[in-house]
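Q: Please take a close look at one part of this protein, beginning with a single residue and its place in the sheet around it. Please then set that part beside the rest of the model.

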Amino acid sequence: CNLGGLEGKRVLIVDDNHTNLRILKTQLEQWKLLPLLASSGREALALLAREEPFDLVITDMQMPGMDGIELAQTIQRQQASVPIMLLSSIGDESRKKYPNLFCAIVTKPIKQQQLCKLIQQQFKQHSTEVVWEEAKPKQLLSEAFAQQHPLHILVAEDNLVNQKLIIRILNKLGYQPEVVGNGEEVLDKLSQQFYEVILMDIQMPTMDGLQATRRIRQQSWAQPLIIAMTANAMQGDREMCLQAGMDDYISKPLKLEELIVMLEKIATKAKALKV
């Protein structure tokens with residue numbers, strides 16, 4: 001099995017059978033992936049909420065309390081971008097009933113080569129490297145973008161993985177953003193200098209993005225444009241962000257084209273505010 005270039009990918013394995021968990025964990029570790037284990041749907045959801053983002057979820061179908069279908073539906077509502085692979089028994093009709101819920105449905109017992117091939121396919125499809133660097137037109141990543149749309153950007157995001165990802169994209173567009181990890185640090189930064197735009201995560205410790213935005217809007221200093229970043233793309237989220245005083249909304253994980261369109265809008269608006 002050749003999973004070269006995919007070392008360190010984070011995989012959540014969910015199964016109430018501890019023997020199955022141990023076998024899958026050993027297999028994935030041999031392929032230099034990083035497996036985390038959960039023995040129930042509830043435990044899996046707790047890990048998803050607490051840990052850094054996962055690149056793949058592999059879940060068993062038959063589990064007490066919450067089965068693989070219920071778990072997948074909950075994950076899809078909360079983190080729609082995470083691919084989910086279902087381990088099922090022979091004769092399972094899940095593929096017909098839920099065609100868009102799983103990236104793959106594998107009949108147990110799993111053959112090692114089959115599992116390797118499926119994991120390889122999923123990481124290729126969902127790799128940010130592929131999506132942002134190879135599959136996208138090169139002109140989208142031109143550093144000249146920042147020259148055409150100059151902006152002083154502050155990123156408020158507490159997750160280190162997300163921080164690195166956002167900085168990397170903005171750097172490729174020619175920006176040199178500053179980064180903070182919570183709302184209080186945003187206020188400290190704004191008291192020292194002006195930023196045309198703040199990319200503001202909603203859920204942060206100490207002071208979240210909504211609280212920080214309300215505090216900013218109460219100040220007499222020059223007002224930045226504030227763009228909400230949230231993984232919870234629910235219907236009411238946009239209204240909640242706008243009510244707090246935010247100017248716009250972008251969902252995570254950030255998609256390059258959406259971010260570019262957003263930055264163009266912001267730059268045009270910022271320029272108009274200066275005139």
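**Leucine 154 and the sheet around it**

A: Leucine 154 has a relative accessible area of 0% and is therefore buried. The model is a predicted one, and this residue is a suitable place to begin reading it.

Leucine 154 belongs to strand E6. Its contacts, leaving aside neighbours within four places in sequence, are Glu178, Val179, Val180, Val186, Lys189, Tyr195, Val197, Ile198 and Leu199. One of these residues, valine 180, is 26 residues from leucine 154 in sequence. In space, the C-alpha atoms of leucine 154 and valine 180 are 7.6 Å apart.

Strand E6 covers residues 153–156 and is joined by 4 bridges to strand E8, residues 197–201. The two strands run parallel. Within this pairing, leucine 154 has isoleucine 198 of E8 as its bridge partner. Isoleucine 198 is also among the residues in contact with leucine 154.

The wider setting is an open sheet of 5 strands, in the order E7-E6-E8-E9-E10, with parallel pairing. Strand E7 (178–180) and strand E10 (248–251) are at the edges; each has a single partner strand, so one side of each has no neighbour in the sheet. From one strand to the next, the twist averages 20 degrees.

On the other side of E8 in the strand order comes E9. E8 and E9 are paired in the parallel sense over 5 bridges. Aspartate 201 has methionine 229 as its bridge partner in E9. Of the 6 residues of E9, 6 are buried, and the strand is mostly covered. Both of its faces are covered: Leu225, Ile227 and Met229 are buried on one side, and Ile226, Ala228 and Thr230 are buried on the other.

A helix also meets this part of the sheet. Helix H10, residues 209–217, lies across E8 and strand E9 (225–230). The direction of H10 makes about 145 degrees with that of E8.

Just ahead of E6 in the chain is the loop between helix H7 (144–148) and E6, where histidine 149 lies. Histidine 149 has 16% relative accessibility and therefore counts as buried, the limit being under 20%. Apart from neighbours within four places in sequence, histidine 149 is in contact with Tyr175, Glu264 and Ala267.

The model holds another open sheet of 5 strands, with the order E2-E1-E3-E4-E5 and parallel pairing. Strand E2 (34–38) and strand E5 (104–107) are its edge strands; each has a single partner strand, so one side of each is left without a neighbour in the sheet. Neighbouring strands here are turned by 20 degrees against each other on average, direction ignored. Strand E1, residues 10–14, runs parallel to E2 and is joined to E2 by 5 bridges. Valine 14 has alanine 38 as its bridge partner in E2. Helix H2, residues 41–50, packs on the sheet and touches E1 and E2. The direction of H2 makes about 135 degrees with that of E2.

A further buried residue, isoleucine 119, lies in helix H5. Isoleucine 119 counts as buried because its relative accessibility is 0%. Not counting residues up to four places away in sequence, isoleucine 119 touches Leu3, Leu28, Trp31, Leu33, Leu56, Ile58 and Met85. Among these, leucine 56 is 63 residues from isoleucine 119 in sequence, while the C-alpha to C-alpha distance is 8.4 Å.

Helix H5 also takes part in a pocket. The second largest pocket holds about 210 Å³ of space. Helix H1 (18–30) and helix H5 (112–126) are the elements that give two or more residues to its lining. H1 supplies the largest share, 4 residues. The full lining consists of Asp15, Asn20, Ile23, Leu24, Gln27, Leu87, Lys108, Pro109, Ile110, Gln112 and Leu115. By class, this lining has 6 nonpolar, 3 polar and 2 charged residues.

To return to the starting point, leucine 154 is a buried residue in strand E6, with a bridge partner in E8. E8 is in turn paired with E9, both of whose faces are covered.

Notes
Residues numbered from 1 in each chain as written. Predicted model: local features only at pLDDT ≥ 70, side-chain atom pairs only at ≥ 80, totals over all residues. Heavy atoms only, no water. 1 Å grid on protein atoms, 1.4 Å probe; cavity = no way out; pocket = protein on both sides within 12 Å on 5 of 7 lines; lining within 4 Å. Points joined across faces, edges and corners; volume = space filled by probe spheres on them. Nonpolar A, V, L, I, M, F, W, Y, C, P; charged D, E, K, R; others polar. Pairing = 2+ DSSP bridges. Axes fitted to C-alpha atoms, helices over the stretch in contact; angles between N-to-C directions. Contact = heavy atoms within 4.5 Å. Buried < 20%, exposed > 50% of the residue type's maximum accessible area, 1.4 Å probe, protein only.
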